[in-house]
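Me: Please take a close look at one residue in this model, the one I would like to start from, and then work outwards to the rest of the structure.

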Amino acid sequence: MNFTPTAEQQELMNAVREFATRECTPERLLAWENDAGGIDDATLRAVAELGWLGVGAPEAAGGTDGTLVDLACLVEECARGLVPRSVTGAIRAVAALAELDPAQPLLADLVAGRKHLALALDEETARSAASYRTTIGRDATVTGGKAYVPDALAADVHLVAAREDGGLGLVLVENRAPAVRTTAVKTFGGDRQAHVAYERAPVAARVGAPGGAETPLARVWRRQTVLALAEMVGGMDAVLAMAVAYVKEREQFGQKIALFQAVRHQIADMGTTCTAARHLAWQAITRVASGTEEGFELASAAAYVGQAFKRVCWASHHLHGGAGFVVEHRMRFHSERAQSLCIRYTPEAPALAEIAAALLDS
Amino acid sequence: MDYDLSPRESAWRDEVRAFIRDHVDESLSRETREVGNEGRGPRARKFLDALRDRGWWGLSWPEAYGGLAKTAVEQWIFIDEIETAGAPMLPLTATSVAPTIMRIGTEEQKREWLPHINNAEIDFALGYSESEAGTDLASLRTRADLDGDEWVVNGCKMWNTMAHMATHNWIAVRTEPDAPKHKGISMMIVPMDAPGVSVQAIWVWPGLRTNALFLDNVRVPRSYLIGERGMGFYYAAMALNFERLSIGSVGMARRHFRALVNEVRTREIDGRRLREDPWVRERLARLQVEIDAARMLGLETAVALDRGGVPASESSMAKIYVSELTQKIADAGCEILGLNGQTHAQEPSALAEGRMQWLYRIAPMLAFGGGTNEVQRDIIGFMGYGLPRK
């Protein structure tokens, strides 16, 4: 057993940490919130030049062919430092496409930051592929609607999952009106979501065999979930560190509030939660990465970590009081991301259902 | 980053499992339930002898003392497997007293005591607490005064579990009455057959026997004070360090949870399978997640120990988590089994070995014993996150 990253991974994490400390200041976080792309062009170019967008892409596409563990290290640090979700979204999209079709020519543009890809999967009333209503017609066009698609507005291309003859298909569609109409939807969490309507939108390229996308997409989704675990762990650590720093400094009734046992014990519980979450998450990350899962590690981590992040955020808000409630404060960015990541990637009910089935029905 | 056992650790786990397969059977499990008394019936003794023959009493001991010097992760694996199998755990003589003597005893004291411990000729009860010194251990009042070449010991120890079976007692006594309270305590060995030693049974709620130990002008040789005078409080803290892996182990809770799950899989009530009840499914799944989390905290303690640290904060996290989780498992177990959930183990109809109501009774002790959870949370705040003390 060894709970530490490799030297290379640590180097990558340090680089992200330095970048985030320098770039992701409260002023810029607020400014990026009002930017259509969620980040300014110069910063996104800087990120692309650092090579982060290509960690999940093959070398032929300009990437570094990193492992899922490398990606997890990367996004954990991005989340810790509140690097804009457009960046982690781009890292995720590249990784997903590279897993599905490593030879896809679009990858090189994505890695270089010249183009952006959105993963258009969920629908207003469908979260599982079996329930999708969007279809790929025999004329190679897509019709239907996708909902809550992160970064959909600014994306040049959408990777759309839709029903077709014989099963589920995955296709690339250019985000171009009038066949594709993208409407921003105001949500929290900073991942720039939009609803998308496809009306006989032409398929630009197929990803994988027609009708055979169910299994590859499920695999990709597990890996996306794994990355969410890493993001949550990074965010949670940051939230705990802020709370610890604050209670050591804030004075009330003539003393540091950390001296109150009721406050100290909340820190202790937050610390315990973060520690358990970190290890459940990283056990799942490493096992999924190496294909050595022994049971329901991913479900167990999903059930624990998402809830843990939210719990730690609320405790930290409580300890910060009004000081942490102003819009400039980093706390609320983390709290929004906690719920946003949890809803999308680690909802508790299906994770518990999977565990119950493993315990009781096998 | 690697959460899997190394080949060496896997091989060790397999060895422990094979031993358990050969030495643990239903009659041993039944005895540990029936004796209701710290697992020291004839079958348990035989099991502990077999562990000793294997050299496993010295799992954590340095090789210089005939130990196996296993890593903390390997010790964690051992504890986890033994507890999950419901087998008796190693005696505190082997896991707490012996390593303390190895660290702090004089060469003469090591020669005098360690071979007897190794041969299981002597067995210790541990006497730290007193009626007025529980969580605040440093206020203990039992005192020892030097009279020529002998200590004269007077006082009363509480929760002196195993004293009625032990040959010796390992007690904390005040030897320096004028020193600050943390610095006036020493560790001392008292033979149970010394004149002036008496034991009174105290039965506690889960059906276990513990004891009060009375010391009335008990005379012990001067050399029975182990280590340095006045350092006893710190030695007790050090001894606790040796127990961290056991205290934070989720093995027992996991064992009873498994028994519960097995009952739920097959039981029917009102013509409906219990496992189809959504409330039961959700509750069990939540507990399973928490068991997974608790195992991680225990492992974290072991990994930190192997890195050479004193994982005070980590082990406190594990202790709090496991104790509070055990309460939840006990409560859920009783409720899920319904009316059967209150049944004692000796009833033939008892499900899950009748352990749910027993777990319900013993669980509170896990939270207040071994350092209350409030103290553990303070330790996490101070040691883990550097919160100020004043």
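Is V327(A) buried or exposed, and which residues is V327(A) in contact with, leaving aside its neighbours within four places in sequence?

Reply: V327(A) is exposed, because only 10 other C-beta atoms lie within 10 Å of its own, and a residue counts as exposed when that number is 12 or fewer. This is a predicted model, and what follows should be read as a description of that prediction. V327(A) is found in the loop that runs between α9 (297–320) and α10 (330–345) of chain A. Once the neighbours within four places in sequence are left aside, the contacts of V327(A) are with L30(A) and R332(A). The partner L30(A) is 297 residues away from V327(A) along the chain, and yet the C-alpha atoms of the two are separated by 8.2 Å.

That pairing can be set beside the figures for the chain as a whole. In chain A, if one takes the contacts between residues at least 6 apart in sequence, 74% of them join residues at least 24 apart. The chain has 11 helices and nine strands, and 50% of its 362 residues count as buried. Its C-alpha trace spans about 75 × 50 × 40 Å along the principal axes. The radius of gyration of chain A is 21 Å, which agrees with the value near 21 Å that a compact globule of 362 residues would have.

Two further loops of chain A deserve attention for their backbone geometry. In the loop between β5 (167–174) and β6 (180–184) lies P178(A), which is joined to A177(A) by a cis peptide bond with an omega of about 5°. The loop between β6 and β7 (193–206) holds R192(A), a residue other than glycine whose phi is nevertheless positive, near 50°. R192(A) is buried, since 26 other C-beta atoms lie within 10 Å, whereas V327(A) is exposed.

Chain B has a residue that may be read alongside R192(A). N217(B) is not a glycine either, and has a positive phi of about 50°; N217(B), however, lies in a strand, β7 (residues 208–221) of chain B. With 11 other C-beta atoms within 10 Å, N217(B) is exposed.

Turning to helix packing in chain A, the axes of α5 (residues 85–100) and α7 (residues 214–249) come within 10 Å and cross at roughly 150°. That angle makes α5(A) roughly antiparallel to α7(A), and the crossing of the two is right-handed. From α5(A), the residues T88(A), R92(A), A96(A), E99(A) and L100(A) meet P216(A), V220(A), R223(A), Q224(A), L227(A) and E231(A) of α7(A). By class, the residues of this contact are five nonpolar, two polar and four charged.

A helix pair in chain B can be described in the same terms. The axes of α8(B) and α9(B) come within 11 Å and cross at roughly 155°, which makes α8(B) roughly antiparallel to α9(B). Here the crossing is left-handed. A253(B), R254(B), F257(B), V261(B) and V264(B) are the residues of α8(B) that meet V280(B), L284(B), L287(B) and I291(B) of α9(B), and the contact is made up of eight nonpolar residues, no polar ones and one charged.

These two helices also take part in the contact between the chains, to which chain B contributes 37 residues and chain A 34 residues. On the side of chain B that touches chain A, at least two residues come from each of α8 (251–266), α9 (278–306), α10 (312–337) and α12 (373–385). Of these, α9(B) gives the most, with 14 residues. Sorted by class, that side of chain B has 21 nonpolar, four polar and 12 charged residues.

As for chain B overall, there are 12 helices and 10 strands, and buried residues make up 45% of its 390 residues. Among contacts in chain B between residues at least 6 apart in sequence, 68% join residues at least 24 apart. The C-alpha trace of chain B spans about 75 × 50 × 50 Å along its principal axes, and its radius of gyration of 22 Å agrees with the value near 21 Å for a compact globule of 390 residues.

Note on methods
Residues are numbered from 1 along each chain as its sequence is written. Chains are lettered from A and ligands numbered from 1 in the order in which they are written. This is a predicted model: local features need pLDDT of at least 70, side-chain atom pairs count only at pLDDT 80 or more; totals for chains, interfaces and linings use all residues. Helices (H or I, at least four residues) and strands (E, at least two) are DSSP runs, numbered from the N terminus. The radius of gyration is taken over C-alpha atoms; the globule rule is 2.2 Å times the number of residues to the power 0.38. A residue is buried if 20 or more other C-beta atoms lie within 10 Å of its own, exposed if 12 or fewer, and partly exposed in between; C-beta atoms are placed from the backbone. Two residues are in contact if their C-beta atoms, placed from the backbone, lie within 7 Å. Axes are lines fitted to C-alpha atoms, for helices over the stretch in contact, and angles run from 0 to 180 degrees between N-to-C directions. Angles under 35 degrees count as roughly parallel, over 145 as roughly antiparallel, 65 to 115 as roughly perpendicular and the rest as oblique. A crossing is left-handed if the near helix is turned anticlockwise from the far one by less than a right angle, and right-handed if clockwise. Ala, Val, Leu, Ile, Met, Phe, Trp, Tyr, Cys and Pro count as nonpolar, Asp, Glu, Lys and Arg as charged, and the others, Gly among them, as polar.
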